[in-house]
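Work through the exercises below with the sequence and the model at hand. Each task is followed by a solution in steps.

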Amino acid sequence: MLTKRIIACLDVTGGRVVKGVQFLNLRDAGDPADLAEAHSAAGADEIVLLDISATAEQRATLLETVRRAARRLFIPFTVGGGIRSLADASAVFDAGADKVSINSAALCDPTLITCIAERFGSQAVIVAIDAKSAGNQHYQAFARGGRTPTGRDACLWAQEAESRGAGEILLTSMDRDGTGVGFDCVLTRSVSDAVRIPVIASGGAGGAEHFVNVFRDGHADAALAASILHYGNTALAELKQTLSTAGISVRWPC
Amino acid sequence: MTIAIVDYGAGNLTSVKKALDSLGSRAIITSDAEQISGADKLIVPGVGHFAATAALQRNGMLAAIQAAIRHETPLLGICLGMQWLCAASTEAPDLAGLNIFAADCTHFPSQVKAPHVGWNDLEVIRESGLLTGLPQRSFVYFTHSYRVPLIEHTVASCEYGGVFSAVVEQGRIFGVQFHPEKSGTVGKKILENFCELPC
C-alpha cells in the first residue's frame with residue numbers, strides 16, 4: 001500500500017539551517033548536510049531544503065550546500081527557494097537535487113512550470129503555494145515568502161499548476177506556520193480534493209496527532225515536518241508509530 | 001568490472017552513479033556506443049515521457065545495447081528504462097520498446113492520483129538474484145504515471161490502483177519500476193545485488 005510520507009524540511013540561509021515563527025525570528029538549527037543525513041537515517045521519507053534568503057550572492061553557497069547534502073542522501077531530495085528560471089533549476093539538478101520547488105517565479109510566469117517539466121519531467125517539479133485564509137473557507141496564494149498577496153485563489157492556482165505540468169503541490173498554511181497548533185486541515189483538504197496530483201501539507205505541525213489529522217481529515221498525501229524534528233520533541237520513529245497505530249500506512253521500519 | 005549507465009538525456013543519472021559509487025562500484029555515465037559495448041553491466045535509467053526513449057536510437061546506442069543483450073551482459077532498466085524493455089507504452093503509442101518483456105505499459109486508472117509518488121511495498125512473487133536478502137514487504141520509492149501489468153516474468157508486484165509489476169526478470173535482464181538509487185538501504189541492497197551478479 002502507498003504510504004503517507006513524512007518529509008523533513010530544512011530552511012536554509014547562508015549555509016545554515018534556521019527555523020522561524022510565521023516567517024520571522026530565525027534561530028540557528030545546524031548544518032544542512034548533517035541534519036539531512038540524520039533525518040534520513042531516523043526515518044524521514046524525503047528531504048526538502050528551502051533556501052529562505054535566496055539572494056543572488058548566496059546562490060553559490062546554496063549550490064555547494066545542495067552538493068554536500070546530496071552526496072550523503074539516498075532518498076528523494078527537493079530544493080526550493082529563489083528558482084526563477086530553467087537555468088536556476090538546471091543548476092540545482094546538477095548539484096544533485098531530484099526535484100525543485102518553485103513558488104513566486106511560477107506565480108509570476110506560470111510557463112516556467114511547463115518549461116522545467118518538459119526538460120526534467122513532471123515528477124521533478126513541485127509547485128509550492130503559500131496560502132492565507134481570506135475568510136469563508138477561501139484561501140489566497142501569496143508570493144515572495146508570504147509578503148505579496150497575488151489575488152489568486154489557492155485551489156484554482158493549484159489546479160492551474162497541475163494542468164501546466166506540476167507533479168506535486170507543496171501547500172503551506174501561512175496562518176499556521178511555526179505555531180505548532182496543527183495543520184490547516186480545511187485548507188489542505190480543499191486543495192487536495194481539487195487536484196489529481198499529490199499534495200504535501202505544511203505549516204503548523206506541533207505533535208504527532210497533527211499528522212494523523214492532516215492525513216485523515218486533510219486528505220494530504222505527505223506532510224512536512226521541520227522544527228518538531230530539529231529539536232527532538234517528536235522523534236520520527238515515535239511519529240511513525242503513532243501514525244501506524246492510528247491506522248495510517250507509513251514506511252516503518254525503514 | 002565497469003557498469004555503464006546509459007545516458008539518453010532522460011533524468012538524473014548522477015544519483016544512480018552516486019549510489020553505485022557509495023557501493024564501491026566503478027560506474028560511468030555514457031552515451032557512447034563503444035563504451036556501452038565494452039561495459040560488463042548496463043543500467044538504463046530514466047524518468048519522464050516514454051517518447052524520451054527515442055533518443056536511444058541515436059549514436060548507435062540501441063545496437064550496442066542489443067549486442068550486449070545477445071552477449072548476456074546483465075542489464076537493469078530503472079523506471080522508464082524498465083518500461084522501454086517492454087513492447088510499447090500508451091504514453092507514446094507510435095514508439096516501440098525493446099520487447100524483451102511482452103507487455104504494454106498503460107496509465108493508472110483515473111480512480112487514483114497519478115503520478116504514483118512515494119514509498120510503497122514490494123510483494124515478492126518468486127526468488128530473484130536482484131532481491132536477495134530483502135524481507136518480504138520492503139519499501140521502495142516510486143514516481144511514475146504508467147505501469148507494466150503482471151506478466152510471467154514478474155518477480156515482485158506492487159499495489160496502487162490495482163496490482164502491477166514492480167520487478168521483472170528474464171535471464172540476465174532486469175527491470176525495476178521504482179528508483180533503487182532513491183530507496184535508502186533497501187535500494188542500495190538491490191543495486192549491490194545487481195553489482196554482484198556474475199558478469
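**Exercise 1: two cis peptide bonds**

A:Pro253 is found in the segment after α10 (236-245) of chain A; helices (H or I, at least four residues) and strands (E, at least two) are DSSP runs, numbered from the N terminus. The model is predicted: local features need pLDDT of at least 70, side-chain atom pairs count only at pLDDT 80 or more, and totals for chains, interfaces and linings use all residues. Residues are numbered from 1 along each chain as its sequence is written, and chains are lettered from A and ligands numbered from 1 in the order in which they are written.

Task: state which residue is joined to A:Pro253 by a cis peptide bond, then locate B:Pro115 and describe the bond that leads to it.

Solution.
- Step 1. The partner of A:Pro253 is A:Trp252, and omega of this cis bond is about -5 degrees.
- Step 2. B:Pro115 sits in the loop between β6 (101-107) and β7 (116-121) of chain B.
- Step 3. The bond from B:Ala114 to B:Pro115 is cis, with omega near 5 degrees.

**Exercise 2: the buried faces of two helices**

Task: list the buried residues of helix α1 (residues 32-42) of chain A and of helix α6 (residues 154-163) of chain A, and say how they are placed around each axis.

Solution.
- Step 1. A residue is buried if 20 or more other C-beta atoms lie within 10 Å of its own, exposed if 12 or fewer, and partly exposed in between, with C-beta atoms placed from the backbone.
- Step 2. In α1(A) the buried residues are A:Pro32, A:Ala33, A:Leu35, A:Ala36, A:His39 and A:Ser40. Down the axis of α1(A) they fall within an arc of 165 degrees, so they line one face of the helix; the arc is that of the directions from the helix axis to the C-beta atoms.
- Step 3. In α6(A), A:Ala154, A:Cys155, A:Trp157, A:Ala158 and A:Ala161 are buried. Their arc around the axis is only 165 degrees, which puts them on the same side of α6(A).
- Step 4. The face of α6(A) turned away from the buried side carries the exposed residues A:Leu156 and A:Ser163.
- Step 5. An α-helix has 3.6 residues a turn, so residues three or four places apart point the same way.
- Step 6. Just after α1(A), A:Gly43 has a positive phi of about 115 degrees. A:Gly165, which follows α6(A), has a positive phi near 115 degrees.

**Exercise 3: positive phi outside glycine**

Task: for A:Asn136 and A:His219, give phi, the place in the chain and the exposure.

Solution.
- Step 1. A:Asn136 has a positive phi near 55 degrees and is a residue other than glycine. It lies in the loop between β7 (125-133) and β8 (139-143) of chain A. A:Asn136 is exposed, with 6 other C-beta atoms within 10 Å.
- Step 2. A:His219, not a glycine either, has a positive phi of about 55 degrees. Its place is the loop between α8 (208-216) and β12 (222-225) of chain A. A:His219 is partly exposed, with 16 other C-beta atoms within 10 Å.

**Exercise 4: around strand β3 of chain B**

Task: starting from strand β3 (residues 41-44) of chain B, work outwards through the sheet.

Solution.
- Step 1. B:Lys41 and B:Ile43 point one way from β3(B), B:Leu42 and B:Val44 point the other way, and all are buried.
- Step 2. Two strands pair if DSSP finds at least two bridges between them. Strand β1 (residues 2-6) of chain B pairs with β3(B) in the parallel sense over three bridges, and B:Ile5 stands opposite B:Ile43.
- Step 3. β3(B) also runs parallel to strand β4 (residues 75-78) of chain B, joined by three bridges; here the bridge partner of B:Ile43 is B:Leu76.
- Step 4. β4(B) pairs in the parallel sense with strand β13 (residues 173-176) of chain B over four bridges, where B:Leu75 has B:Ile173 as its bridge partner.
- Step 5. The open sheet has eight strands in the order β2-β1-β3-β4-β13-β12-β11-β8 (chain B), with mixed pairing. Its edge strands, β2 (26-30) and β8 (123-124) of chain B, each pair on one side only.

**Exercise 5: B:Thr73**

Task: which residues does B:Thr73 contact, leaving aside its neighbours within four places in sequence?

Solution.
- Step 1. B:Thr73 is found in the loop between α3 and β4 of chain B.
- Step 2. Two residues are in contact if their C-beta atoms, placed from the backbone, lie within 7 Å. The contacts of B:Thr73 are B:Asp40, B:Lys41, B:Leu42 and B:Ala68.
- Step 3. B:Thr73 counts as partly exposed, with 19 C-beta neighbours inside 10 Å.
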